[in-house]
Amino acid sequence: MSEDSSKQEKRQILPQDYYDSRQVMALLKLSKQKYYELVEREEDPLPMRMYGWSTRGALAERSELMAWFKRNTRLARDSKRRGKS
């Protein structure tokens, strides 16, 4: 695999029903450490699913991931308003 195709692969993640952990980290621009912090937190963890017998290969369902993202972020324009008051 050439360097150009590797860079292009990192930039482009097509919409799909399920995303693996690497894709979730890329989509949300998370470090590996932050990803694991969010998966392990007690309140509203990052919705990664695994088969009961597996210790690897977590997947996120697109609709659950989008709902989680909306619950855990705010609009940029709301951040600007907060800073002015």
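Here are some short exercises on this predicted model, each with a worked solution.

**Exercise 1. Get your bearings**

Work out how many helices and strands the protein has, and in what order they come.

*Solution.* Start with the count: the protein has 5 helices and 2 strands. Now walk along from the N terminus, and you'll read off α-β-α-α-β-α-α. Next, check burial: of the 85 residues, 15% count as buried. Finally, look at contacts with a separation of 6 or more: residues 24 or more positions apart account for 42% of them.

**Exercise 2. Find the core**

Which residues make up the largest nonpolar core, and which elements give two or more residues to it?

*Solution.* First, list the members. There are 12 residues in the largest nonpolar core: Y19, V24, M25, L30, Y35, L38, L46, M48, A58, A60, L65 and W68. Then sort by element: helix 2 (21-28), helix 3 (32-40) and helix 4 (62-71) each give two or more residues to this core.

Now zoom in on one core member, W68. Skip its neighbours within four places in sequence, and W68 is in contact with L28, L38, R41, D44, P45, L46 and P47. Two names on that contact list, L38 and L46, are also on the core list. Hang on to D44 as well; it comes back below.

**Exercise 3. Sort out the salt bridges**

How many salt bridges are there? Then take E37–K34, D20–R22 and D44–R71 and say what you can about each pair.

*Solution.* The total is 5 salt bridges. Let's go through three pairs one by one.

- *D20 and R22.* Their side chains meet with an N to O distance of 3.4 Å. R22 has a relative accessible area of 61%, so this residue counts as exposed.
- *E37 and K34.* Here the closest N and O atoms are 3.6 Å apart. Both residues sit in helix 3, and because they're 3 residues apart, about one helical turn separates them. E37 is partly exposed at 39% relative accessible area, and K34 is partly exposed at 39% too.
- *D44 and R71.* The closest N and O atoms are 2.8 Å apart. This pair links distant parts of the chain: D44 is in the loop between helix 3 and strand 2 (59-61), R71 is in helix 4, and their positions lie 27 residues apart in the count. D44 has 25% relative accessibility, so it counts as partly exposed.

**Exercise 4. Spot the unusual backbone angles**

What is the sign of phi at K29 and at D44, and where does each residue lie?

*Solution.* Begin with the background: most residues other than glycine have a negative phi. Now look at K29. Its phi is near 55°, a positive value in a residue other than glycine. K29 is placed in the loop between helix 2 and helix 3, and with 75% relative accessibility it counts as exposed.

Then turn to D44. Its phi is near 50°, again a positive value in a residue other than glycine. D44 lies in the loop between helix 3 and strand 2, and at 25% relative accessibility it's partly exposed.

**Exercise 5. Place N72**

Where does N72 lie, and which residues is N72 in contact with once neighbours within four places are left aside?

*Solution.* Step one is location: N72 is in the loop between helix 4 and helix 5 (76-84). Step two is exposure: its relative accessibility is 30%, so N72 counts as partly exposed. Step three is contacts: with those neighbours set aside, N72 is in contact with R41 and D44. R41 and D44 also turn up on the contact list of W68. As a last check, take N72 and P45: they're 27 residues apart along the chain, and their C-alpha atoms are separated by 9.9 Å.

**Exercise 6. Describe the largest pocket**

What is the volume of the largest pocket, and what lines it?

*Solution.* Take the volume first: about 300 Å³. Next comes the lining, which has 14 residues, with S21, Y35, Y36, G57 and A58 nearest the centre of the pocket. Helix 2 and helix 3 are the elements that give two or more residues to this lining, and helix 3 supplies the largest share, 5 residues. Last, split the lining by class, and you get 7 nonpolar, 3 polar and 4 charged residues. Y35 and A58, both named here, belong to the largest nonpolar core as well.

Conventions
Residues numbered from 1 in each chain as written. Predicted model: local features only at pLDDT ≥ 70, side-chain atom pairs only at ≥ 80, totals over all residues. Heavy atoms only, no water. Core = buried A, V, L, I, M, F, W, Y, C linked by side-chain atoms within 4.5 Å. Buried < 20%, exposed > 50% of the residue type's maximum accessible area, 1.4 Å probe, protein only. Contact = heavy atoms within 4.5 Å. Salt bridge = Lys/Arg side-chain N within 4 Å of Asp/Glu carboxyl O. 1 Å grid on protein atoms, 1.4 Å probe; cavity = no way out; pocket = protein on both sides within 12 Å on 5 of 7 lines; lining within 4 Å. Points joined across faces, edges and corners; volume = space filled by probe spheres on them. Nonpolar A, V, L, I, M, F, W, Y, C, P; charged D, E, K, R; others polar.
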